[in-house]
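I opened this entry to record what I looked up in the structure, working from one side-chain contact outward to the whole chain.

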Amino acid sequence: MPSVIKLHDFVGQQPDKQGMRSADFAALLSAAGEDVEIHINSSGGTVTDGFHMANLLRSHGGKTVAVIEGDQQTSHDAERIRARIMSLFASSAGALRLRS
(Lines give C-alpha, C1' and ligand atoms only; values in the text may rest on other atoms or scores of the structure.)
Protein backbone atom coordinates (compact mmCIF):
# COMPACT_ATOMS: atom_id res chain seq x y z
CA MET A 1 0.00 0.00 0.00
CA PRO A 2 1.44 3.40 -0.97
CA SER A 3 2.14 6.19 1.45
CA VAL A 4 -0.13 9.22 1.07
CA ILE A 5 1.05 12.82 0.99
CA LYS A 6 -1.74 15.40 1.20
CA LEU A 7 -1.08 18.63 -0.62
CA HIS A 8 -4.08 20.62 0.56
CA ASP A 9 -2.55 24.06 0.51
CA PHE A 10 -0.91 26.69 -1.67
CA VAL A 11 2.41 25.59 -3.23
CA GLY A 12 5.14 27.79 -1.82
CA GLN A 13 5.11 29.99 1.22
CA GLN A 14 2.71 32.92 1.45
CA PRO A 15 3.38 36.10 3.47
CA ASP A 16 1.12 34.71 6.22
CA LYS A 17 3.40 31.62 6.38
CA GLN A 18 0.70 29.37 4.90
CA GLY A 19 1.51 26.93 2.11
CA MET A 20 3.75 23.96 1.44
CA ARG A 21 7.30 24.82 0.51
CA SER A 22 9.21 22.50 -1.81
CA ALA A 23 11.61 21.76 1.07
CA ASP A 24 8.65 20.54 3.15
CA PHE A 25 7.49 18.36 0.27
CA ALA A 26 11.02 16.95 -0.16
CA ALA A 27 11.06 15.87 3.49
CA LEU A 28 7.62 14.25 3.21
CA LEU A 29 8.55 12.45 -0.01
CA SER A 30 11.81 11.20 1.47
CA ALA A 31 10.02 9.82 4.53
CA ALA A 32 7.21 8.26 2.48
CA GLY A 33 9.15 5.33 1.05
CA GLU A 34 8.97 3.76 -2.40
CA ASP A 35 5.34 4.01 -3.54
CA VAL A 36 3.56 7.32 -2.99
CA GLU A 37 0.16 8.86 -3.72
CA ILE A 38 0.01 12.64 -3.67
CA HIS A 39 -3.55 13.85 -2.99
CA ILE A 40 -3.87 17.36 -4.40
CA ASN A 41 -6.45 19.93 -3.38
CA SER A 42 -4.76 23.23 -4.14
CA SER A 43 -5.40 26.49 -5.92
CA GLY A 44 -1.88 26.48 -7.34
CA GLY A 45 1.22 28.25 -6.21
CA THR A 46 4.62 29.64 -7.06
CA VAL A 47 6.39 28.45 -10.18
CA THR A 48 9.75 27.89 -8.49
CA ASP A 49 8.32 25.65 -5.76
CA GLY A 50 6.13 23.86 -8.31
CA PHE A 51 9.09 23.10 -10.59
CA HIS A 52 11.18 21.88 -7.70
CA MET A 53 8.39 19.60 -6.45
CA ALA A 54 7.86 18.28 -9.99
CA ASN A 55 11.56 17.46 -10.28
CA LEU A 56 11.47 15.70 -6.92
CA LEU A 57 8.61 13.52 -8.15
CA ARG A 58 10.39 12.73 -11.42
CA SER A 59 13.50 11.62 -9.58
CA HIS A 60 11.66 9.58 -6.94
CA GLY A 61 12.62 5.93 -7.27
CA GLY A 62 9.22 4.37 -6.55
CA LYS A 63 5.79 4.45 -8.09
CA THR A 64 4.11 7.87 -7.86
CA VAL A 65 0.44 8.63 -8.40
CA ALA A 66 -1.10 12.10 -8.26
CA VAL A 67 -4.77 12.13 -7.20
CA ILE A 68 -6.39 15.45 -8.05
CA GLU A 69 -9.19 16.01 -5.56
CA GLY A 70 -10.04 19.57 -6.60
CA ASP A 71 -8.89 23.06 -5.78
CA GLN A 72 -9.42 25.34 -2.82
CA GLN A 73 -11.40 27.96 -4.71
CA THR A 74 -14.30 25.72 -5.67
CA SER A 75 -15.65 22.60 -4.03
CA HIS A 76 -15.96 20.36 -7.13
CA ASP A 77 -13.67 21.76 -9.79
CA ALA A 78 -10.80 19.36 -10.43
CA GLU A 79 -10.57 20.54 -14.05
CA ARG A 80 -9.45 24.10 -13.18
CA ILE A 81 -6.36 22.78 -11.49
CA ARG A 82 -4.96 21.83 -14.89
CA ALA A 83 -4.48 25.50 -15.77
CA ARG A 84 -2.19 26.09 -12.78
CA ILE A 85 1.32 25.10 -11.73
CA MET A 86 -0.27 22.07 -10.09
CA SER A 87 -0.75 20.57 -13.55
CA LEU A 88 3.01 20.49 -14.05
CA PHE A 89 3.48 19.05 -10.60
CA ALA A 90 0.77 16.39 -11.00
CA SER A 91 1.95 15.38 -14.47
CA SER A 92 5.35 14.60 -12.99
CA ALA A 93 3.88 11.62 -11.17
CA GLY A 94 3.94 8.24 -12.86
CA ALA A 95 0.13 8.15 -13.00
CA LEU A 96 -2.71 10.64 -12.65
CA ARG A 97 -6.27 10.22 -11.40
CA LEU A 98 -9.05 12.77 -11.13
CA ARG A 99 -11.34 12.33 -8.17
CA SER A 100 -14.91 13.50 -8.75
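**A polar contact in the first helix**

I began with a side-chain pair: S22 and H52 make a polar contact through their side chains, at 2.9 Å. The model is a predicted one, and I read the distance with that in mind.

I then placed the serine: S22 lies in helix α1. Is S22 buried or exposed? I found a relative accessible area of 11%; the cut-off for buried is under 20%, so S22 counts as buried.

I next listed what surrounds this residue. Leaving aside residues up to four places away in sequence, S22 touches D49, H52, M53 and L56. H52 thus appears twice in my notes, as a residue touched by S22 and as its polar partner.

**The nonpolar core**

I turned to the largest nonpolar core and noted that it has 15 residues. Which residues have the most contacts inside it? They are I5, F25, L29 and I38. I checked which elements supply this core: β1 (3–7), α1 (22–32), β2 (36–41) and α2 (47–59) each give at least two residues. In soluble globular proteins, nonpolar side chains tend to be buried together.

**Strand pairing and crossover**

I looked up how β1 and β2 are joined, and found five bridges between these parallel strands. I followed the chain from β1 through α1 to β2 and recorded this β-α-β crossover as right-handed. For one bridge I noted the residues: V4 has E37 in β2 as its partner.

**A loop residue**

I then examined T46, which sits in the loop between β2 and α2. Its relative accessible area is 26%; partly exposed covers values between 20% and 50%, so T46 belongs to that class. I also checked its separation from Q13: T46 and Q13 are 33 residues apart in sequence, and their C-alpha atoms are 8.3 Å apart in space.

**The chain as a whole**

I closed with the totals. The chain has three helices and four strands, and along the sequence they follow the pattern β-α-β-α-β-α-β. Of its 100 residues, 43% are buried. I recorded an accessible surface of about 5400 Å², with 50% of it belonging to carbon and sulfur atoms. How much of the contact set with a separation of 6 or more comes from residues 24 or more positions apart? I found that such pairs account for 79% of those contacts.

Terms used: Residues numbered from 1 in each chain as written. Predicted model: local features only at pLDDT ≥ 70, side-chain atom pairs only at ≥ 80, totals over all residues. Heavy atoms only, no water. Core = buried A, V, L, I, M, F, W, Y, C linked by side-chain atoms within 4.5 Å. Buried < 20%, exposed > 50% of the residue type's maximum accessible area, 1.4 Å probe, protein only. Pairing = 2+ DSSP bridges. Right-handed = clockwise from strand over helix to strand, strands pointing away. Polar contact = N/O pair within 3.5 Å; in protein donor to acceptor, adjacent residues only side chain to side chain. Contact = heavy atoms within 4.5 Å. Areas by Shrake-Rupley, 256 points an atom, 1.4 Å probe, with all protein chains shown as cover.
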